[in-house]
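Work through the exercises below with the sequence and the 3D view side by side, and try each task before you read its solution.

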Amino acid sequence: MGPEPISRRSMAANRQLRFARITLIFGVLAVAPAISGLRYAQSSQPDSARQAPTPGAHFHHLHLNSTDPAAALKFYASKFDCERAKLGDTIDAIWAQKSWILVNKVQAPPAWQLTAAIWHFGWGAEDMEATYQKQLDSGTKFFTPITQLAPSFFYAYVEGPDHALIELNTASHHHFGHLHLLSEDPIPAAEWYIKYFGATPRGTWPPSREPRFRKEVQIGPSASLMVDNVNIIIYPIQYSRLVYKDHWKDQTAMSPTEGRVVDHVAFSFDNLEEALAQFRKEGMQITQPIKPTEKGKLRSAFIQGPDKIKIELVQGQAQRQ
């Protein structure tokens, strides 16, 4: 259950909640740009980006698994800045500014524990305190309650359908804004997204590869990238192994994303055949060749990315009809 509504005067006390240590660790690095309200200065592209073997990609969609897709779609459309729409005038989905959220029906509850490459996704909020209170008033459950990271910065995790983790954080907008990943080796993983999808690094590049710790929890190395309007943040999996250690009781290796509550992420190309040919030339693991999907409304292929993340390659940019 979510915590009781809090007033502005009680925010200082709320910082002492059991989640405060965790969120402070996460927030200092992952959302520092929002705290300052300043944009990252973009550095020159690394060599791997300039020598990318494929043309630039676009963020196309997140694909979720749910036992009740209709209820999941209703939840997202009612809780966040997005709307129900039909992909290809046929597939019920969520349209979030420039990309889609698709929901696949599964018979059994999907795995959700934080042992895979996809940690969470999120929306911004200009007034996080007011947004949080509104969410509480509407019955939203929180995995992590609102926590203050700086005088003007707050963030919280919503517990979504099928235990999907959705972040709300102080930002200059209230749109779908980021995807947070976990990796055994964040910097090479980031270089992979730069090379194959034309992702743009944020901040100084390359970042330090040295492990960084805060209160004995590993928080680095880490990376922050942009693909269109979506910020892709990559954190070391060691963070999850300690902070969410109960999720790792029966395993040591990272889980594949396929079949989990967030099954995969999709990027689009203007020429899918050309992009896939280049991926093959580079020795990429192609897990499914090009074929029609979503009742023939998409042409796509699948590859496996870093840390067992399932990635769909789609023909043509995301657009709402």
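**Exercise 1: A residue after the last strand**

Task: find which residues Gly316 touches, not counting residues up to four places away in sequence.

Solution. Leaving those neighbours aside, Gly316 touches His60, Ser268 and Phe269, where contact means heavy atoms within 4.5 Å. Before going on, note that this is a predicted model, in which local features need pLDDT of at least 70 and side-chain atom pairs count only at pLDDT 80 or more, while totals for chains, interfaces and linings use all residues. Residues are numbered from 1 along each chain as its sequence is written, and side-chain values use heavy atoms, with hydrogens and water left out.

Next, place the residue: Gly316 lies in the segment after β18 (310-315), and helices (H or I, at least four residues) and strands (E, at least two) are DSSP runs numbered from the N terminus. Then look along the chain, where the C-alpha atoms of Gly316 and His58 are separated by 8.8 Å although the two are 258 residues apart. Finally, Gly316 counts as buried because its relative accessibility is 18%; buried means under 20% relative accessible area, exposed over 50%, and partly exposed in between, with a 1.4 Å probe and protein chains only.

**Exercise 2: The chain as a whole**

Task: state how many helices and strands there are in the chain, and what percentage of the residues is buried.

Solution. Counting the elements gives nine helices and 18 strands. Of the 321 residues in the chain, 55% are buried. Turning to contacts between residues at least 6 apart in sequence, 71% of them join residues at least 24 apart. The last step is the surface: the chain exposes about 14500 Å², and carbon and sulfur atoms supply 49% of it, with accessible areas taken from the Shrake-Rupley method with a 1.4 Å probe, where for residues only the protein chains shown count as cover.

**Exercise 3: The nonpolar cores**

Task: find which residues of the largest nonpolar core touch the most other members, and which helix gives the most to this core.

Solution. A nonpolar core is a set of buried Ala, Val, Leu, Ile, Met, Phe, Trp, Tyr and Cys residues joined through side-chain atoms within 4.5 Å. The largest one has 82 residues, and those that touch the most other members are Tyr76, Phe121, Trp123, Tyr193, Phe197, Phe267 and Ile311. Helix α7 (residues 186-197) gives the most to this core, with eight residues. Now follow Tyr193, whose contacts beyond four places in sequence include Leu181, Leu225, Ile234, Phe267 and Ile311. There is also a second, separate core of eleven residues, among them Ala85, Trp100, Leu298 and Val314.

**Exercise 4: Strand β13 and its partners**

Task: decide whether the residues on the two faces of β13 are buried or exposed, and find how many bridges link β13 to β14.

Solution. Start with the faces: Ala223, Leu225 and Val227 on one side, and Ser224 and Met226 on the other, are all buried. Since five of the five residues of β13 are buried, this strand is largely enclosed by the rest of the structure. Then examine the pairing, for which two strands pair if DSSP finds at least two bridges between them. β13 pairs with β10 in the antiparallel sense over two bridges, and Thr200 stands opposite Met226. β13 also pairs with β14 (residues 230-236), again in the antiparallel sense, over five bridges, and here Ala223 stands opposite Ile234. The hairpin of β13 and β14 has two residues between the strands, and in it Asp228 takes a positive phi near 55°.

**Exercise 5: Unusual backbone angles**

Task: find which residues the cis peptide bonds join, and where His163 and Lys295 lie.

Solution. As background, most residues other than glycine have a negative phi, and most peptide bonds are trans. The bond from Trp205 to Pro206 is cis, with omega near -5°, and Pro206 lies in the loop between β10 and β11. Another cis bond joins Gly220 and Pro221, with omega about 10°, and Pro221 is in the loop between β12 and β13.

His163 has a positive phi of about 70° and lies in the loop between β7 and β8. The phi of Lys295 is also positive, near 60°, and Lys295 lies in the loop between β16 and β17. His163 is partly exposed, at 36% relative accessible area, whereas Lys295 is exposed, at 71%.
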